[in-house]
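Trainee: I'd like a close look at one single part of this protein. Could you walk me through it slowly?

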Amino acid sequence: MSRRNYTTELGCIADADLSDLGAGKEGWLVNNPNILVSLDTHSLALANRSLILILNWSQSINGRPDPGSNRTVKILPELSPIDSEYVSAVEWLVFDDDIRVLAVGTSCGYLMIFSIHGRLIHRQIVSPGKILKLRVRGIKQDLTQDTSSEEVCVVMPGVVARFEGTDIKDLLHRWFRDTQSQFWDQGFNDMTLEGSRQTAASLPYQIWNVSKYGSCSDTAITGVMPPPLMEIQSGQRYYCAVTVGDDAVISAFRLSVDKNRSIVGAILSKVVPATFSTIASFTKLIWRSDQNNTKKPEPRSQPFAQASPLTCLKDYPRKGEKLTLSPSGSLAAITDSLGRILLLDTKALVVVRLWKGYREASCLFVEMLARKDKSASHPAFTEHSKSDYSLCLAIHAPRKGIVEVFFSWMPLSRLISPFHVV
């Protein structure tokens, strides 16, 4: 394994026309909360409330970005003017390095998937409400190695949904196969953005209500967890979800994949639909409603699966703000309204480290070289393995103007080095 560089030049957007996003005005990017950014190794996505720009670049023979081959794609997603719908989240989805698409969430709870050429591949309702964030987790998700996504989580206020990466991958394969067939039938010159229609099938997913301890500002599914102690051993799978919010700084839930595991849920799933069906039939009988009504039914989200509360931390007036999950899901960095950062062990659900004096901070888990003895002894012939790198937590403190990097080894978490930023 070759030694990693601190910086890798990915691309250049100096020649791109970003005037539609307000480029040229002071603070148009940094101080604009309506600008959303998602970075991939080959593309950059910028979005505001109604417009998405995809900046694609390719590398030349020497491995450096080629500014002459940059391509800009403009996307105007179909949004509902009645509901004042707008784009609220963007994130890249990468599968086996041969499929790269852009996932977009809206304020009305819709999940849309676009190709890098701006074609709408899929549109689906997740749940009524604003999509706050799209989380993508893979085996090796960093900018130095191409990755394969395992799951996509949709974060909403008090709600979290999970899509299997394999289901999304199968849907994309079918769409690309149909698009390629249409390409050969009609020819490239006859194909338009509307020529390849979106998929009609809905993606299967699980959705949970995690607002038992109050409203949530951020949520993350940390991974698979064991079943309850008194649970009958079966093939059911459980996930652990960690939330942060105003009422509870940290709360954790056990998410059940099978919503019928709950007796109450099983009763409601059978009684409630039958009751509504009876009421609807009786209403039609009385009012003699028109049976030839061809109005298109409104899309509906699926019912919630069971979410069992595990623990919570309430410390008024402290409020949880942002949650950053490590690549493996074993650690989470949580920022609060009092300028503190909590390092949470998501397996034991225990706070193992606390930093103070970091208001408006942002966190990121990175890998850094931990064993430098090899480089010192053999500087010319140094090859590092995976064990030579350690998981670290980088903290950007904008009020201090520095970035500090800490080893995430428990219980050490010692400071490696501070970096001053402008």
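How do the residues of the lining of the largest cavity divide into nonpolar, polar and charged?

Mentor: Happy to. Keep in mind that this is a predicted model. The lining of the largest cavity divides into four nonpolar residues, five polar ones and one charged one. Let's put names to them: the lining is made by Val210, Tyr213, Gly214, Ser215, Cys216, Thr243, Gly245, Asp247, Ala248 and Ser251. Try sorting them yourself. Val210, Tyr213, Cys216 and Ala248 go in the nonpolar pile. Gly214, Ser215, Thr243, Gly245 and Ser251 go in the polar pile, since Gly counts as polar here. That leaves Asp247 as the charged one. As for the space itself, the largest cavity has a volume of about 40 Å³, and the structure holds one cavity of 30 Å³ or more.

Now take a look at two other spots along the chain. His122 sits in strand S8, which covers residues 120-125. His122 counts as buried because its relative accessibility is 1%, and the cut-off for buried is under 20%. Pick out Leu171 as well: 49 residues separate His122 and Leu171 along the chain, while their C-alpha atoms are 8.8 Å apart.

For the surface, go to Leu29, which lies in the segment before strand S1 (36-39). With a relative accessible area of 38%, Leu29 is partly exposed. Leu29 joins Val30 and Val37 in making a nonpolar surface patch of about 290 Å².

Notes:
Residues numbered from 1 in each chain as written. Predicted model: local features only at pLDDT ≥ 70, side-chain atom pairs only at ≥ 80, totals over all residues. Heavy atoms only, no water. Patch = residues over 30% accessible without salt bridge, like charges linked within 9 Å, V, L, I, M, F, W, Y side chains within 5 Å. Areas by Shrake-Rupley, 256 points an atom, 1.4 Å probe, with all protein chains shown as cover. Salt bridge = Lys/Arg side-chain N within 4 Å of Asp/Glu carboxyl O. Helix = DSSP H or I, 4+ residues; strand = E, 2+ residues; numbered from the N terminus. Buried < 20%, exposed > 50% of the residue type's maximum accessible area, 1.4 Å probe, protein only. 1 Å grid on protein atoms, 1.4 Å probe; cavity = no way out; pocket = protein on both sides within 12 Å on 5 of 7 lines; lining within 4 Å. Points joined across faces, edges and corners; volume = space filled by probe spheres on them.
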